[in-house]
Amino acid sequence: FFFFFILAMPLLSDDDSASSDEKWWSRRRSKRLLKEKKAEEEQQQQLARRNTWGGSKPGKMPNIERDREFFHQVLMKDYFAERPTYPLKYFRRRFRMRRELFLRIQEDLLTFHGDKFSQKRDALGKLGFSPEQKLTSALRILAYGSSADRNDEYIRMGESTSLAYLRHFCEAVIETYGSFYLRKPTADDLKLILSLHSSKGFPGRLGSLDVMHWEW
């Protein structure tokens, strides 16, 4: 019996080796199939997210050609040219700031947040919105309290894009100027505020907009 067992050992070892190889390849195929299935599921999820935002698909309304470049030129001619269509007092009233301040804010945002406010080209090579259009869109909403959809007629910026740049503008302004303008007032700031209020006939007033308690 022992003799036959010795003779059968090579055969048994070969069977075991073949069996182990088959198991190894089986596990490898299972891992590959799981990996392919996972990749397919991720691709389907990406397609689902892409379809949520729109994109090219049957039955979708084509994009509106808004002619951004032409209306950028109109905006520049109306307010930013050397001899603009509307005088500077109109700029002050409609933007709630002087043009010099607008240009200063624009320069700072392009310096520190250029990825959001610089002009870029889209996938077709067309120029996107200019920095002037982006800031004007945000400031018109803040100045007038108007809806984002209203910017579509003059700036040619859609509602969702207007809201996106409004958010970018507010976040960038807070990040850029917050450490200085949103800080607590210093002693010199308090003296200046008190003197300004005193010159208007309200001595001792500090930051309070409620003057109903004042004796007229």
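**Figure 1. Close-up of the salt bridge at K116 in the predicted model.** K116 has a relative accessibility of 33% and is therefore classed as partly exposed. The model shown here and in the other views is predicted. The side chain of K116 meets that of D115 in a salt bridge, with an N to O distance of 3.4 Å. This contact is one of two salt bridges held by the structure. Side chains of opposite charge can pair when their charged atoms come close.

**Figure 2. Close-up of the salt bridge between R183 and D189.** The closest N and O atoms of R183 and D189 lie 2.9 Å apart. Both partners are in the intermediate class of accessibility: R183 counts as partly exposed because its relative accessibility is 33%, and D189 is partly exposed with a relative accessible area of 23%.

**Figure 3. Close-up of helix α8 and its kink.** Helix α8 comprises residues 159–181 and has a kink of about 40°, the centre of which is E175. The buried residues of α8 are S162, Y165, L166, H168, F169, A172, T176, Y177 and G178. These buried residues pack against four other helices, namely α4 (99–112), α5 (114–117), α6 (131–144) and α7 (151–154). An α-helix has 3.6 residues a turn, so residues three or four places apart point the same way.

**Figure 4. Close-up of S160 in helix α8.** S160 belongs to helix α8. Its relative accessibility is 57%, above the 50% limit, so S160 counts as exposed. The C-alpha atoms of S160 and D149 are 8.2 Å apart in space, while the two residues are eleven residues apart in sequence.

**Figure 5. Close-up of S137 and its contacts.** S137 is a residue of helix α6. With a relative accessibility of 0%, S137 is under the 20% limit and therefore counts as buried. When residues up to four places away in sequence are not counted, S137 touches N151, I155, M157 and S162. Of these contacts, S162 is among the buried residues of α8, whereas N151 and I155 are among the residues that line the second largest pocket.

**Figure 6. Close-up of the second largest pocket.** The space in this pocket amounts to about 200 Å³. The lining is formed by R140, Y144, S146, R150, N151, E153, Y154 and I155. Helices α6 and α7 each contribute at least two of the lining residues, and α7 gives the most, with three residues. By residue class, the lining divides into three charged, three nonpolar and two polar residues.

**Figure 7. Close-up of R96 in the loop between α3 and α4.** R96 lies in the loop that joins α3 (88–95) to α4. Although R96 is not a glycine, its phi is positive, at about 60°. R96 is partly exposed, its relative accessible area being 44%.

**Figure 8. Close-up of R156 in the loop between α7 and α8.** R156 is placed in the loop between α7 and α8. The phi of R156 is positive, at about 65°, although this residue is not a glycine. R156 has a relative accessible area of 23% and is partly exposed. Helix α7, on one side of this loop, supplies three residues to the lining of the second largest pocket, and helix α8, on the other side, carries the kink centred on E175.

Terms used
Residues are numbered from 1 along each chain as its sequence is written. This is a predicted model: local features need pLDDT of at least 70, side-chain atom pairs count only at pLDDT 80 or more; totals for chains, interfaces and linings use all residues. Side-chain values use heavy atoms; hydrogens and water are left out. The bend at a residue is the angle between axes fitted to the seven residues ending there and the seven starting there. Buried means under 20% relative accessible area, exposed over 50%, partly exposed in between (1.4 Å probe, protein chains only). Contact means heavy atoms within 4.5 Å. On a 1 Å grid over the protein atoms alone, a cavity is a set of points where a 1.4 Å probe fits but cannot get out, and a pocket is an open set with protein on both sides within 12 Å along at least five of seven lines; lining residues have an atom within 4 Å of a point. Grid points are joined across faces, edges and corners, and a volume is the space filled by probe spheres set on the points. Ala, Val, Leu, Ile, Met, Phe, Trp, Tyr, Cys and Pro count as nonpolar, Asp, Glu, Lys and Arg as charged, and the others, Gly among them, as polar. A salt bridge is a side-chain nitrogen of Lys or Arg within 4 Å of a carboxyl oxygen of Asp or Glu.
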